[in-house]
Amino acid sequence: MTNRLPIAEGLFTWPAQQPALLASRCRACGIASFPVAQSCMACSGQDVEVEELPGRGTLWTWTIQQFMPKSPYNSGETPETFRPYGVGYLELPGGVRVEGRLTENDPAKLHVGMEMEVVFDTWRTEPNGDEIVSFFFKPVA
Amino acid sequence: MDVAIIGIGIHPFGRTPARSGLQQGAYAARLALKDAGVEWRDMEFAFGGSISAGNADALGNELGLTGIPFINVANGCATGGSSLMTAYNTIRSGAHDIGLVSGFDKHDRGAFNADPAAMGLEQWYGELGLMMTTQFFAMKIQRYMHDYGISENTLARVAEKAFINGSLNPNAWRRAPVPVEEIAGSMMVSNPLTKYMFCSPSEGGVALVLCRADKAKNYCAKPVYLKSAVLKSRRYGSFEVFAPSQALQQVDGPTVDASRAAFEMAGVGPGDIDVMQLQDTESGAEVMHMAENGFCEHGEQEQLIQSGATHIGGSMPINTDGGCLANGEPIGASGLRQVYENVLQLRGDAGEHQVPGNPRLGYTHVYGAPGISAVTILQR
Ligand SMILES: [Zn+2]
């Protein structure tokens, strides 16, 4: 049986039927931050609570990473198998704009303001067979 | 107490396999001391930095060990600006009368390699391939083009101008103009920015000798006065590099804050500036920094750049030495290169890349990770 492990603890609910990204929200000023932080960057407050972010939002901006980054990039790809990938900020209403990889890497199919959903998928497979799961932003069909 | 720049020195930027970064720094320092007509032993303090070429105070091994306070400065792309600001405040405070500021570097080829932990981030951010300054600049200009109608051709025009100016500057790395079609058609690095629209890590060194303004004429026939030197970091809500999330409500970034403070300190406005060096890590940065520094409204860059206003002979000459695009970016030296260039311009000594009409006021601006900006205003 395959182990499916999150890329980092506390980044999103896992395991879960319907995983969600996790943010901290400041009880003093109401600002949300991703990933979860112990204090608030907006007001220096330390009274924060953890909440699930919405699973759908609009693309605020984007680019395509055309060359393979150096370490600490760790996708299991080699220079031969590397495929350019999309990166963007997804504006999650009432939450925050989260940066993440896009499932789409064709610039012709991406535009500011398009609707996208947060999905969770295998990021890489470790030599021992463990699957590392991460979050991605996918255009809503 | 006002502060004057009385000596400047530069080691050509680019690749110099025969000299270490430190030796390039010493080369620039010797030229700056000679330019001011002083000796290293006359310096009462020195501040300096490099990111990849060792501690700046190792310059003592090259120049001589004189016992002065030498402070190593490390502040990313604003290292030079931070050294200069600290020197400015040291002289203004009356603590010292004369000193040297140094910046040099020597980087490996290829994109800079950022460490998530050093930036207060977790490993996953780098593992996923999000820890790239190139992506940030691409995403910032992408949104900006959407909001303010900047065209892709305008991005190529910025790089075209940089290489033209570089071809006129004997100390630049890239000395040949590149046709605008070749820039636009070169390899895409991070949409909408192509290879020729990005600067590369390089090598070089710059040094400046500063002294009390009332003693400047004892050393130098054409002193240039530092009217302001300001450094700001990001506030919550500004759109910055290396940010896993951004606020829903955006506020002005550190460039806007540093620019406003610098103008106020100098008692002049953007319309008074005759020559400006603005951080051009890539073409889009120069476009956005024109407005963020107050030189035009958002969106006006399209017309200004297309009409040639930012060329050496234009109404708003920007990056007259070729900027980062033609000089590359030895991080420790980059901000001081801008000041070096403005001193040349204000002295009227810039040769083929001299801005016409006896420029009186010069402006420099650097921006770097994770959201810091340094601005100076110089006056002859
Ligand atoms: Zn708060």
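Trainee: Which side chains of chain A and chain B meet in a salt bridge?
Mentor: Happy to start there, keeping in mind that this is a predicted model. The count of salt bridges between chain B and chain A is one. Its nitrogen and oxygen lie 2.8 Å apart, and the two side chains are those of A:Arg124 and B:Glu127.

Trainee: Which element gives the largest share of the side of chain B that touches chain A?
Mentor: Between the two chains, 21 residue pairs are in polar contact, both residues of each pair being at pLDDT 80 or more. On the chain B side, at least two residues each come from helix H4 (123–127), helix H5 (133–148), strand S5 (188–190) and strand S9 (245–246). The largest share is seven residues, and it comes from H5(B).

Trainee: How much area do chain B and chain A bury between them?
Mentor: The contact takes 44 residues from chain A and 37 residues from chain B. Carbon and sulfur atoms carry 59% of the buried area. The total for the two chains is about 3500 Å².

Trainee: Let's turn to the metal. What is the geometry of the zinc ion site?
Mentor: Four sulfur atoms coordinate the zinc ion, the SG atoms of A:Cys26, A:Cys29, A:Cys40 and A:Cys43, at 2.3 to 2.4 Å. The angles among the four donor atoms run from 102 to 118°. Four donors count as tetrahedral if all angles lie between 85 and 135 degrees, so the site of the zinc ion is tetrahedral.

Trainee: How many residues apart are A:Cys29 and A:Cys43?
Mentor: The donor residues follow the spacing C-x2-C-x10-C-x2-C in sequence. A:Cys29 sits in the loop between strand S2 (22–26) and strand S3 (32–33) of chain A, while A:Cys43 is in the loop between S3 and strand S4 (48–52). The pair links distant parts of the chain, and the separation is 14 residues.

Trainee: Is A:Cys29 buried or partly exposed?
Mentor: Buried would need a relative accessible area under 20%. A:Cys29 has 36%, and A:Cys43, with 34%, is partly exposed. A:Cys29 likewise counts as partly exposed.

Trainee: How many strands are there in chain A?
Mentor: From the N terminus on, the elements of chain A run β-β-β-β-β-β-β-β-β. Among contacts in chain A with a separation of 6 or more, 51% join residues 24 or more positions apart. Chain A has zero helices, and its strands number nine.

Trainee: Why is helix H10 of chain B described as largely enclosed by the rest of the structure?
Mentor: Helix H10 of chain B spans residues 283–292. Its buried residues include B:Glu286, B:His289 and B:Glu292. The helix is largely enclosed because the buried residues number 10 of the 10.

Trainee: Which residue has a side-chain oxygen that reaches the backbone nitrogen of B:Gly284?
Mentor: Look at the start of H10(B), where this approach is found. At the other end, H10(B) is followed by B:Gly294, whose phi is positive, near 90°. The oxygen comes to within 2.6 Å of the B:Gly284 nitrogen, and its owner is B:Glu282.

Trainee: Is B:Thr310 buried or exposed?
Mentor: B:Thr310 lies in the loop between helix H11 (301–306) and helix H12 (323–327) of chain B. Beyond its neighbours within four places in sequence, its contacts include B:Lys161, B:Met290 and B:Ile318. Its relative accessible area is 2%, so B:Thr310 is buried.

Terms used:
Residues are numbered from 1 along each chain as its sequence is written. Chains are lettered from A and ligands numbered from 1 in the order in which they are written. This is a predicted model: local features need pLDDT of at least 70, side-chain atom pairs count only at pLDDT 80 or more; totals for chains, interfaces and linings use all residues. Side-chain values use heavy atoms; hydrogens and water are left out. Donors are N, O and S atoms within 2.8 Å of the metal (3.2 Å for Na, K and Ca); water is not among the atoms, so sites may look incomplete. Four donors count as tetrahedral if all angles lie between 85 and 135 degrees; four count as square planar and six as octahedral if opposite donors are over 155 degrees apart and all others between 65 and 115; anything else is irregular. Helices (H or I, at least four residues) and strands (E, at least two) are DSSP runs, numbered from the N terminus. Buried means under 20% relative accessible area, exposed over 50%, partly exposed in between (1.4 Å probe, protein chains only). Contact means heavy atoms within 4.5 Å. Buried area is the accessible area (1.4 Å probe) that two parts lose on being put together, summed over both. A salt bridge is a side-chain nitrogen of Lys or Arg within 4 Å of a carboxyl oxygen of Asp or Glu. A polar contact is a pair of N or O atoms within 3.5 Å; within protein, one must be able to donate a hydrogen and the other to accept it, and residues adjacent in sequence count only if both atoms are side-chain atoms.
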